[in-house]
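Me: I am new to this structure and would like to go through it by question and answer. Please show it first.

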Amino acid sequence: KKAIIEAVRNLNGSSDWKNDAKKVIDYQRQWKEVGNTGKAENRLWADFREACDAFFNARDEANKSFEQEKLENLDRKIALVHKVNDIDLSDKKEALKSLRELSATFASIGPVPHDKKDEVYQSYKTALDKQYSALAVSAKEKEEMAFTSKIESIQASPDRTKLLQKERAELRKQIDRLDQEAKDRKSTRLNSSHLVISYAVFCLK
């Protein structure tokens, strides 16, 4: 039982609350299976309960902090949508540069409350599409700029290697799917989506 107590204490300071909570629950199951230890039982039980309470209290505090961070991220994304709407379109080159930078910033902002996720993204996409239309940007150009902004935000992330590998794998899957569709049609012509994906893979190299 001392080993179980120590194992729970070692989980304090966790950053993987979901999986470590499962471990604590499993330790609680193991505790019951060990059975009574005699005179030392009360002291051991108090220590074990204290370790479990410390873990779950810390998890609850971390969750509160994370929810607050989501609200702050929502405010940041809403403010960014206003910036997109307010961009000066008199100089197309500068306007596109600003839109690209704002797109990268939007992609780099962390998660927002789940019930606001679709709403804020739709507001952002509507604002972006409106400005692109005003600048007479083609669909292909929009796809390429959106992808480039996404890659830039990934490269700025501390998890850039993992995220880039994931993105590369997803693009490869899309290319394989399009290649198979082309074979099924007995056609070697590449559609616009395939061209954009080929460009994307080039950027990932």
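Reply: One definition is needed before we start: the expected span of a helix is 1.5 Å times one less than its number of residues. Note also that this is a predicted model.

Me: How many helices and how many strands are in the chain?

Reply: From the N terminus on, the elements run α-α-α-α-α-α-α-α. The count for the chain is therefore zero strands and eight helices.

Me: What percentage of the contacts in the chain between residues at least 6 apart in sequence join residues at least 24 apart?

Reply: The chain has 205 residues, and buried ones make up 33% of them. Contact here means heavy atoms within 4.5 Å. Of the contacts between residues at least 6 apart in sequence, the share joining residues at least 24 apart is 70%.

Me: Is H1 roughly parallel or roughly antiparallel to H2?

Reply: The axes of H1 (residues 2-9) and H2 (residues 17-34) come within 10 Å and cross at roughly 170°. Angles over 145 degrees count as roughly antiparallel. H1 is therefore, with respect to H2, roughly antiparallel.

Me: How many residues of the contact of H1 with H2 are nonpolar?

Reply: On the H1 side the residues are Ile4, Ile5, Ala7 and Val8, and they meet Tyr27, Gln30, Trp31 and Val34 in H2. No charged residue is part of this contact, and one is polar. The number of nonpolar residues is seven.

Me: What length does H5 reach from its first C-alpha to its last?

Reply: H5 covers residues 114-134, which is 21 residues. At 1.5 Å a residue, 30 Å is expected. The model comes close to that, with 31 Å.

Me: What arc around the axis do the buried residues of H5 cover?

Reply: The buried residues in H5 are Val120, Tyr124, Ala127, Leu128, Gln131 and Tyr132. Their directions from the axis put them on the same side of H5, because the arc they cover is only 135°.

Me: Which exposed residues does the face of H5 turned away from its buried side carry?

Reply: Exposed means over 50% relative accessible area. On the face turned away from the buried side, the exposed residues are Asp115, Asp118 and Ser133.

Me: Which residue that follows H5 has a positive phi?

Reply: Most residues other than glycine have a negative phi. In the loop between H5 and H6 (139-155), a residue that is not a glycine has a positive phi of about 55°. It counts as exposed because its relative accessibility is 60%. The residue is Ala136.

Key. Residues are numbered from 1 along each chain as its sequence is written. This is a predicted model: local features need pLDDT of at least 70, side-chain atom pairs count only at pLDDT 80 or more; totals for chains, interfaces and linings use all residues. Side-chain values use heavy atoms; hydrogens and water are left out. Axes are lines fitted to C-alpha atoms, for helices over the stretch in contact, and angles run from 0 to 180 degrees between N-to-C directions. Helices (H or I, at least four residues) and strands (E, at least two) are DSSP runs, numbered from the N terminus. Angles under 35 degrees count as roughly parallel, over 145 as roughly antiparallel, 65 to 115 as roughly perpendicular and the rest as oblique. Ala, Val, Leu, Ile, Met, Phe, Trp, Tyr, Cys and Pro count as nonpolar, Asp, Glu, Lys and Arg as charged, and the others, Gly among them, as polar. Buried means under 20% relative accessible area, exposed over 50%, partly exposed in between (1.4 Å probe, protein chains only). The arc is that of the directions from the helix axis to the C-beta atoms.
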